[in-house]
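Student: I have a protein structure open, but I am not sure how to read it. Could you take me through it, step by step?

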Amino acid sequence: MTAAYKVTVSDKKYLPPFSESPFGSFPSTDTQKAHQRKAPTDPTVYYQSQSLPETTFLKGHTGSGGLTASTLNATNSKKGPSSGPGTAGAILKGHTGSGGLTASTLNATNSKKGPSSGPGTAGAYKKQSIVPTEFRRYYDRGDLPISIQHRSNGRTISWKVDVEKLDYHHYLPIFFDGLRELEEPFKFIAMQGCLDLLEKGGSKILPTIPQLIIPIKLALSTKHPVILTTVLKVIQKLVVSGELIGEALVPYYRQILPVLNLFRTKNLNLSDGIEYSQRKRENLGDLINETLQLLEANGGEDAFINIKYMVPTYESCVLS
């Protein structure tokens, strides 16, 4: 049983928009006010010659007189007309020229922040927004035959029907789609429901493998550490839940393994500190290594070469 994850303020911007009802959100008050607005009045303002003050008329010799902007500024300046190119005023001061620099380099050098430090970050590890899940919509409508029971030793899922009698082609992809949920109770129900279905599925799981790839890929593409740890635990349960399931996943390594290759070395350097997430199985790097070893051990003879193609730094645990 996993502890409930508390959504932080920084994570809320990645969550899908909250639905106010199972049938969608209510119309906003701004939309209602827009229909109640009156027709705009005529913005044109009319003046009469008697209402204009005397100061509104131009004084004599205040127009441009056909002069260009540069000549006009030089004539109206306090220093008088600009000096010609041969005078001392036209000589450039030291270190004020471009010096052959390009426009971008010149602006970066003359800026207050000093020279630019190089290109920006690529954002390869940046968390992505979470797409709204079908699991939440089915749960809000009451279409899932489950309920939560709160007991003295914690909460658990109560199935209203026998799990063996469920249509796995319909329900298993829905529960896998809910693995990218961060809010409760959706996160707990989705993960526990997947584990219960995989434990009692037997031979019904293998035909549904092609339908599980897209939900797994969408969950991994969020790049959220909490979602990644949840998906990795479910994948480990999926691989050992039946025969030939590991071999059936080999053609889909190109959709699953790129994110695992990205986060495989994403571990904290704690020096002589203690990593408590290892005891809770929340260490991302260790979970990825365990998952890759399970995929190789249960994926047949072609598993290692396909894993090596997507994760070049992986070393075999079977051939060594």
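Tutor: Happy to! Let's begin with the order of the pieces: along the sequence, the pattern runs α-α-α-α-β-β-α-α-α-α-α-α-α-α. Keep in mind that this is a predicted model.

Student: How many helices and strands are there in the protein?

Tutor: The protein has 12 helices and 2 strands.

Student: What share of the residues is buried?

Tutor: A residue is called buried when its relative accessible area is under 20%. Of the 320 residues in this protein, 32% are buried. As for the outside, the protein exposes about 21600 Å², and carbon and sulfur atoms supply 55% of that.

Student: And what about contacts along the chain?

Tutor: Take the contacts with a separation of 6 or more: residues 24 or more positions apart account for 70% of them.

Student: Let's pick one helix. How many residues does H6 have, and how far does H6 reach?

Tutor: H6 has 16 residues, and from its first C-alpha to its last it reaches 22 Å. That is close to the 22 Å expected at 1.5 Å a residue. Just after H6 comes glycine 202, which takes a positive phi of about 65 degrees.

Student: Is H6 mostly covered or mostly exposed?

Tutor: Mostly covered: 12 of its 16 residues are buried. Among them are Phe188, Ile189, Met191 and Leu197.

Student: What covers the buried residues of H6?

Tutor: The cover includes strands E1 (146-151) and E2 (154-159), together with helices H4 (134-141), H5 (168-177) and H8 (225-239).

Student: Can we zoom in on one residue? Why does alanine 190 count as buried?

Tutor: Alanine 190 counts as buried because its relative accessible area is 0%, and the cut-off is under 20%. You will find alanine 190 in helix H6, residues 186-201.

Student: Which residues is alanine 190 in contact with, leaving aside its neighbours within four places in sequence?

Tutor: Those are Phe135, Phe175, Gly178 and Leu179. Also look at tyrosine 139: this residue is 51 residues away from alanine 190 along the chain, and their C-alpha atoms are separated by 9.9 Å.

Student: One last feature. How many disulfides are there?

Tutor: A disulfide is a covalent bond between the sulfur atoms of two cysteines. To count one here, we look for a pair of cysteine sulfur atoms within 2.5 Å. By this rule the count is 0.

Student: Are cysteine 194 and cysteine 317 buried or exposed?

Tutor: Cysteine 194 is buried, since its relative accessibility is 0%. Cysteine 317, at 37%, counts as partly exposed.

How values were computed:
Residues are numbered from 1 along each chain as its sequence is written. This is a predicted model: local features need pLDDT of at least 70, side-chain atom pairs count only at pLDDT 80 or more; totals for chains, interfaces and linings use all residues. Side-chain values use heavy atoms; hydrogens and water are left out. Helices (H or I, at least four residues) and strands (E, at least two) are DSSP runs, numbered from the N terminus. Buried means under 20% relative accessible area, exposed over 50%, partly exposed in between (1.4 Å probe, protein chains only). Contact means heavy atoms within 4.5 Å. Accessible areas come from the Shrake-Rupley method with a 1.4 Å probe; for residues, only the protein chains shown count as cover. The expected span of a helix is 1.5 Å times one less than its number of residues.
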